[in-house]
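Got your viewer open? Load the model, switch on a cartoon view and keep the selection box handy.

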Amino acid sequence: MLFFDSVGVPSAEAMRSFGDGNQPGGAWQRATILQWMEHIAIKLRAGISILFEGQMRIAFIHEALAVSGIEGAHIILVDCNDATRRARLHTDRNQPELANADMMAWSRLPS
């Protein structure tokens with residue numbers, strides 16, 4: 001199992017270095033998903049099954065799958081309220097620093 005957020009979420013200044021996205025953090029998230037899918041494609045070619053978990057825009061996932069040549073992937077959308085999301089980040093993921101206002105706002109953005 002791989003976690004998108006294990007790479008951390010950069011500061012707003014660092015995100016701006018990736019260029020303008022159509023939504024806050026969009027360009028950074030797109031670039032990061034493309035990198036993840038390159039990594040995942042290598043594992044898949046080696047016969048390793050992958051479960052990739054995280055909060056990301058579905059349009060970026062589709063693009064990254066195509067660019068990486070990954071076929072047969074299944075995208076599962078699981079949504080939850082902010083309290084559950086905060087608890088998952090604090091307890092399950094042990095990444096309380098990600099349970100911030102930006103993360104909660106991103107969950108409400110359209111894909």
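Below is a walk through the chain, stop by stop, with something to select at each one.

**Before you click**

This is a predicted model, so local features are limited to pLDDT of at least 70 and side-chain atom pairs to pLDDT 80 or more, while totals for chains, interfaces and linings use all residues. Residues are numbered from 1 along each chain as its sequence is written, and side-chain values use heavy atoms, with hydrogens and water left out.

**Stop 1: the whole chain**

Colour by secondary structure and you should find 5 helices and 2 strands. Here helices (H or I, at least four residues) and strands (E, at least two) are DSSP runs, numbered from the N terminus. Trace the chain from the N terminus and the order reads β-α-α-β-α-α-α.

Now put a surface on. The protein chain exposes about 7100 Å², with carbon and sulfur atoms supplying 54% of it; the areas come from the Shrake-Rupley method with a 1.4 Å probe, and for residues only the protein chains shown count as cover. Of the 111 residues, 33% are buried. Buried means under 20% relative accessible area, exposed means over 50%, and partly exposed is in between (1.4 Å probe, protein chains only).

If you like contact maps, here's one number: among contacts with a separation of 6 or more, 68% are between residues 24 or more positions apart. A contact is heavy atoms within 4.5 Å.

**Stop 2: helix α2**

Select residues 26-45, which is helix α2. Put a distance on its end C-alpha atoms: they are 28 Å apart, which agrees with the 28 Å that 20 residues should span at 1.5 Å a residue. The expected span is 1.5 Å times one less than the number of residues. Just after α2, look for Gly 47, which takes a positive phi of about 85°.

Next, show the buried side of things. Buried residues of α2 include Trp 28, Ile 33, Leu 34, Trp 36, Met 37 and Ile 40. Two polar residues of the helix deserve their own clicks:

- Gln 29 in α2 is buried at 5% relative accessibility. A polar atom of the Gln 29 side chain lies 2.8 Å from the backbone nitrogen of Arg 57. Leaving out residues up to four places away in sequence, Gln 29 touches Phe 4, Gln 55, Met 56, Arg 57 and Phe 60.
- Thr 32, also in α2, is buried at 6%. With residues up to four places away left out, Thr 32 touches Phe 4 and Val 7.

**Stop 3: the nonpolar core**

What has the most contacts inside the largest nonpolar core? Select Phe 4, Ile 33, Met 37, Ile 40, Phe 52, Met 56 and Ile 70 and you have the answer; the core has 22 residues. Helices α2, α3 and α5 (101-106) each supply at least two residues of this core, and α2 gives the largest share, 7 residues. The core is a set of buried Ala, Val, Leu, Ile, Met, Phe, Trp, Tyr and Cys residues joined through side-chain atoms within 4.5 Å.

Zoom in on Ile 40. Apart from neighbours within four places in sequence, Ile 40 is in contact with Leu 2, Ile 50, Phe 52 and Ile 70.

**Stop 4: salt bridges**

How many salt bridges does a search of the whole structure find? It finds 4, each being a side-chain nitrogen of Lys or Arg within 4 Å of a carboxyl oxygen of Asp or Glu.

Start with Glu 63 and Arg 30, whose side chains meet at 2.5 Å, N to O. Glu 63 sits in helix α3 (residues 58-68) and Arg 30 in helix α2, so the pair ties together parts that are 33 residues apart in sequence. Both ends are partly exposed: Glu 63 at 28% and Arg 30 at 35%.

Then pick Glu 53 and Arg 88, at 2.9 Å, N to O. This pair links strand β2 (residues 52-53) to helix α4 (residues 82-92), 35 residues apart. Glu 53 is buried at 16%, whereas Arg 88 is partly exposed at 33%.

Finish at Arg 85 and Asp 79, with the closest N and O atoms 3.1 Å apart. Is each end buried or exposed? Arg 85 is buried at 5%, while Asp 79 is exposed at 59%. Add Asp 82 to the selection and you have a network of salt bridges linking Asp 79, Asp 82 and Arg 85.

Methods
Polar contact = N/O pair within 3.5 Å; in protein donor to acceptor, adjacent residues only side chain to side chain.
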